[in-house]
Amino acid sequence: MPPAAFCGVTGLRPTWGLVSRRGAMELAWSMDKVGPMARSAEDCGWVLQAIAGHDPNDFTTSERVFKFKPRATRTDFRLGVLPIDYSTAPEVEGVFADALRVLRKAGMKLTRAELPDLPIEEITRTLLNGEACAAHEALISSKQLNELVDAGQKEGLRNSLSGSVAAFARAQQQREPAKRAVLSLFEKFDALVAPTVASVAPTLDTNLSQGTGGRRGYAVLGALAGVPCLSVPMGFGKQGLPFGLSLTGNLFDENTLLQIGMSYQRETEWHRMRPSDE
């Protein structure tokens, strides 16, 4: 999701297991997904239809198939607006407010949504660190790790080696009730909406050795609960760098996200524009 938002393109992380991950680099086997990045939500829908499906070489793939529905079937989607901390990028607030006005104009019903009072981000981070450590233990223990430029990434990988087994087990126990709590939101909403990333995209001259900082938005919901997320371009900041609008949906309900994304993109031109090269 953040890569799509930072690059000014549309990106779709499908339901966990909908697309085979065979051949992709592993990070966290219970959270990793493969999905399309394209110019528009419609393009993502066609690509997803082509790549979705069961793969006997990836035991995590579902038997379910995906058939894209490009024609609008409704516009009165119920959207839950998630709370955002704009402290790292105040300019995101105005851009997001404009995006919400577009969604309302398109006929959608917007209501404030509240996440369950659970340490979702902490649970996700603990599981991801443990699984990343298992997948890349040889690299983390080698001198090759020093070749990474991002100091924060190096530190995180090294710290994963000393992670507590008990902490990982507790996170596994907490994951299921947290997942059920997230899924219960879709009894009231068709999708949850927020900025994809509540921070400004790093520039080419950003010093990655000092970390990129910023807030990663609600991508953790898709990782923890396995639900699909769609990011569509929603404007540009003062430096001409793009912002993304995030839509999170229920399990195997990619068509709803794509319908909302296509409705938004019929009313805007952000997905046709490119970031400033200045």
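**Exercise 1. Where in the chain does threonine 73 lie?**

*Solution.* The model examined here is a predicted one.

Step 1. Locate the residue: threonine 73 belongs to the loop that runs between α2 and β3.

Step 2. Classify its exposure. Exposed means a relative accessible area over 50%. Threonine 73 has a value of 64%, so it is exposed.

Step 3. Relate it to a distant part of the sequence. Threonine 73 and threonine 256 are separated by 183 residues in sequence, yet their C-alpha atoms are 9.5 Å apart in space.

**Exercise 2. Describe the chain as a whole.**

*Solution.* Step 1. Count the elements: the chain holds nine helices and seven strands.

Step 2. Compare its radius of gyration with the globule rule. The radius is 19 Å, close to the 19 Å that the rule gives for 278 residues, so the chain is as compact as a globular protein of that length.

Step 3. Add the dimensions: the C-alpha trace spans about 55 × 45 × 35 Å along its principal axes.

Step 4. Consider the interior and the surface. Of the 278 residues, 46% count as buried. The chain exposes about 14300 Å², of which carbon and sulfur atoms supply 51%.

Step 5. Consider the contacts. Among those with a separation of 6 or more, 76% come from residues 24 or more positions apart.

**Exercise 3. Determine how the buried residues of helix α3 are arranged and what covers them.**

*Solution.* Step 1. Define the helix: α3 covers residues 91-105, 15 residues in total. From its first C-alpha to its last it reaches 22 Å, close to the 21 Å expected at 1.5 Å a residue.

Step 2. List the buried residues of α3: Val92, Val95, Phe96, Ala99, Leu100, Val102 and Leu103.

Step 3. View the helix down its axis. The buried residues of α3 fall within an arc of 155°, and therefore they line one face of the helix.

Step 4. Identify the cover. The elements over these buried residues include the strands β3 (78-81), β4 (109-112), β5 (191-195), β6 (229-236) and β7 (242-248), together with the helix α9 (254-267).

Step 5. Look past the end of the helix: glycine 107 follows α3 and has a positive phi, near 105°.

**Exercise 4. Carry out the corresponding analysis for helix α2.**

*Solution.* Step 1. In α2 (residues 41-51), the buried residues are Ala41, Cys44, Gly45 and Leu48.

Step 2. Down the axis of α2, the buried residues lie within an arc of 105°, so they line one face of the helix.

Step 3. Their cover includes β1 (10-13), β2 (37-38), β6 and α9.

Step 4. Glycine 53 follows α2, and its phi is positive, near 135°.

**Exercise 5. Is threonine 15 buried or exposed, and which backbone atom does its side chain reach?**

*Solution.* Step 1. Threonine 15 is placed in the loop between β1 and β2.

Step 2. With a relative accessible area of 2%, threonine 15 is buried.

Step 3. Its side chain reaches the backbone nitrogen of phenylalanine 252 at 2.7 Å.

Step 4. Setting aside residues up to four places away in sequence, threonine 15 touches residues including Lys33, Gly226, Asn250, Phe252 and Glu254.

Step 5. Turn to the partner. Phenylalanine 252 sits in the loop between β7 and α9 and counts as partly exposed, at 26% relative accessibility.

Step 6. Examine the backbone. Most residues other than glycine have a negative phi. Phenylalanine 252 has a positive value, near 60°.

**Exercise 6. Describe serine 30 and arginine 274 in turn.**

*Solution.* Step 1. Serine 30 is located in the loop between β1 and β2, and its relative accessible area of 10% makes it buried.

Step 2. The side chain of serine 30 makes a polar contact with that of arginine 175, at 2.9 Å. Beyond its neighbours within four places in sequence, serine 30 is in contact with Trp16, Glu131, Arg175 and Ala223.

Step 3. Arginine 274 is in the segment after α9 and is exposed, with a relative accessible area of 66%.

Step 4. Arginine 274 touches Arg39 and Phe236, residues up to four places away in sequence not being counted.

Step 5. Arginine 274 and alanine 223 are 51 residues apart in sequence, and their C-alpha atoms are 28 Å apart in space.

How values were computed: Residues numbered from 1 in each chain as written. Predicted model: local features only at pLDDT ≥ 70, side-chain atom pairs only at ≥ 80, totals over all residues. Heavy atoms only, no water. Helix = DSSP H or I, 4+ residues; strand = E, 2+ residues; numbered from the N terminus. Expected span 1.5 Å × (residues − 1). Buried < 20%, exposed > 50% of the residue type's maximum accessible area, 1.4 Å probe, protein only. Arc of directions from axis to C-beta. Contact = heavy atoms within 4.5 Å. Polar contact = N/O pair within 3.5 Å; in protein donor to acceptor, adjacent residues only side chain to side chain. Rg over C-alpha atoms; globule rule 2.2 N^0.38 Å. Areas by Shrake-Rupley, 256 points an atom, 1.4 Å probe, with all protein chains shown as cover.
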